[in-house]
Amino acid sequence: MDRSIQDSGPFVRTNVLGTQVLLDAARAAKLSRFVQVSTDEVYGSLGPTGAFTEQTPLAPNSPYAASKAAADHLVKSYVHTFGMPATITRCSNNYGPYQFPEKLIPLFISNLLRDERVPVYGDGLQVRDWIHVRDHCAAIETVWRHGKVGEVYNIGGHSERTNLDLTHRLLELLGKPTSLIRYVADRPGHDRRYAIDCSKIERELSWRPKVVFEQGLRETIDWYLSNQAWIDQVRSGEYLKYYERQYGKV
Ligand SMILES: NC(=O)c1ccc[n+]([C@@H]2O[C@H](COP(=O)([O-])OP(=O)(O)OC[C@H]3O[C@@H](n4cnc5c(N)ncnc54)[C@H](O)[C@@H]3O)[C@@H](O)[C@H]2O)c1
């Protein structure tokens with residue numbers, strides 16, 4: 001999201017043109033299934049109550065969300081025009097092991113482990129629903145195997161938290177002082193609240209999130225504590241050298 005605000009070009013190229021390329025490749029290969037992994041951010045922002053359903057009109061507010069919404073429309077058009085056997089998933093905020101330290105939870109854990117301050121946007125009262133990456137992956141597999149062609153499935157974790165509550169919990173779990181919170185200027189156009197109604201996938205495909213947020217958060221912290229070398233090589237850009245050795249200049 002932040003990167004799409006700095007420069008939207010790569011997001012349009014990857015998410016819009018990239019999806020079109022994948023759709024055409026899938027058509028040419030006569031694939032039996034195409035799953036578009038989208039995001040709840042395509043629905044825009046909510047007030048203090050209510051939740052996004054699959055019927056909520058798309059109202060993306062950032063270049064990232066707009067590029068994902070455009071891709072979703074392309075997928076639907078291929079279902080309609082070419083009978084493409086595609087489904088779309090729209091998931092809330094992921095967390096878990098191996099997440100790049102540019103995202104909130106791993107960024108905050110890796111900063112706090114170094115006693116560095118953590119940047120909280122605005123008043124920190126933006127609400128997000130958190131889901132463990134394992135639950136998201138299980139939902140994608142369920143939709144891939146059992147989802148109905150042309151349908152959208154929302155995926156959520158039933159774990160709404162304000163960013164500030166989450167920050168305080170991370171500080172507590174890591175035994176760090178609240179003085180490490182640094183309030184920074186709010187992100188432009190920052191959506192206030194996302195909440196997802198995922199009753200359709202629960203009802204129709206019998207998927208449910210299994211990881212309890214508190215437990216998942218503890219496990220994620222333990223993972224980052226045991227994998228500091230991984231964090232260091234990501235933060236230093238060392239992984240880019242690995243990619244360059246494997247695939248050439250990136
Ligand atoms: N992270 C979340 O909370 C979340 C929530 C809902 C949906 N999603 C969706 O899940 C997908 C993955 O998100 P993420 O958070 O893991 O993102 P990420 O940025 O961590 O990972 C994206 C991956 O795509 C690769 N990539 C980027 N451009 C590419 C290109 N042009 N060709 C080939 N590979 C390319 C990157 O190298 C990276 O490995 C995205 O489609 C995103 O919209 C993520």
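**Two sheets and a ligand shell**

Strands S1, S2 and S6 form an open sheet, in that order and with parallel pairing. Strands S1 and S6, the latter spanning 152-155, stand at the edges with a single partner strand each, so one side of each has no neighbour in the sheet. Neighbouring strands here are turned by 25 degrees against each other on average, direction ignored. The model described is a predicted one.

The pairing of S2 and S6 can be followed at the residue level. Strand S2 covers residues 86-91 and pairs with S6 in the parallel sense over 4 bridges. One residue pair illustrates the register: arginine 90 has asparagine 154 in S6 as its bridge partner. In general, the strands of a sheet pair through backbone hydrogen bonds, either parallel or antiparallel.

A further open sheet has 3 strands, ordered S3-S5-S7, and its pairing is mixed. Its edge strands are S3 (93-95) and S7 (160-162), and each of them pairs on one side only. On average, neighbouring strands of this sheet are turned by 50 degrees against each other, with direction ignored. Strand S5 comprises residues 127-132 and pairs with S7 over 3 bridges, in the antiparallel sense. Within this part of the model, aspartate 129 stands opposite glutamate 160 in S7.

Helix H6, made of residues 163-174, lies across S5 and S7. The helix runs at about 85 degrees to S7.

Attention turns next to the ligand. Its surroundings consist of Thr14, Val37, Ser38, Thr39, Tyr64, Lys68, Cys91, Ser92, Asn93, Asn94 and Lys103. By class, this shell divides into 3 nonpolar, 6 polar and 2 charged residues. Three elements each supply at least two residues of the shell: strand S1 (34-39), helix H3 (63-82) and S3. Strand S1 gives the most, with 3 residues. Thus named, S1 is both an edge strand of the parallel sheet and a contributor to the ligand shell. Strand S3 is likewise an edge strand of the mixed sheet and a supplier of shell residues.

Several polar atoms of the shell can be placed relative to the ligand. A polar side-chain atom of threonine 14 lies 3.5 Å from a ligand nitrogen atom. Asparagine 94 places a backbone N or O atom 2.8 Å from an oxygen atom of the ligand. For lysine 103, a polar side-chain atom lies 2.8 Å from an oxygen atom of the ligand. On its own, the ligand has 820 Å² of accessible area, and the protein covers 43% of that.

A last set of results concerns arginine 145. This residue lies in helix H5, which spans residues 133-146. Its side chain is joined to that of glutamate 141 by a polar contact of 2.8 Å. Arginine 145 and tyrosine 98 are 47 residues apart in sequence. In space, their C-alpha atoms are 25 Å apart.

Technical notes. Residues are numbered from 1 along each chain as its sequence is written. This is a predicted model: local features need pLDDT of at least 70, side-chain atom pairs count only at pLDDT 80 or more; totals for chains, interfaces and linings use all residues. Side-chain values use heavy atoms; hydrogens and water are left out. Two strands pair if DSSP finds at least two bridges between them. Axes are lines fitted to C-alpha atoms, for helices over the stretch in contact, and angles run from 0 to 180 degrees between N-to-C directions. Contact means heavy atoms within 4.5 Å. A residue is near a molecule or strand if one of its heavy atoms lies within 4 Å of it. A polar contact is a pair of N or O atoms within 3.5 Å; within protein, one must be able to donate a hydrogen and the other to accept it, and residues adjacent in sequence count only if both atoms are side-chain atoms. Accessible areas come from the Shrake-Rupley method with a 1.4 Å probe; for residues, only the protein chains shown count as cover. Ala, Val, Leu, Ile, Met, Phe, Trp, Tyr, Cys and Pro count as nonpolar, Asp, Glu, Lys and Arg as charged, and the others, Gly among them, as polar.
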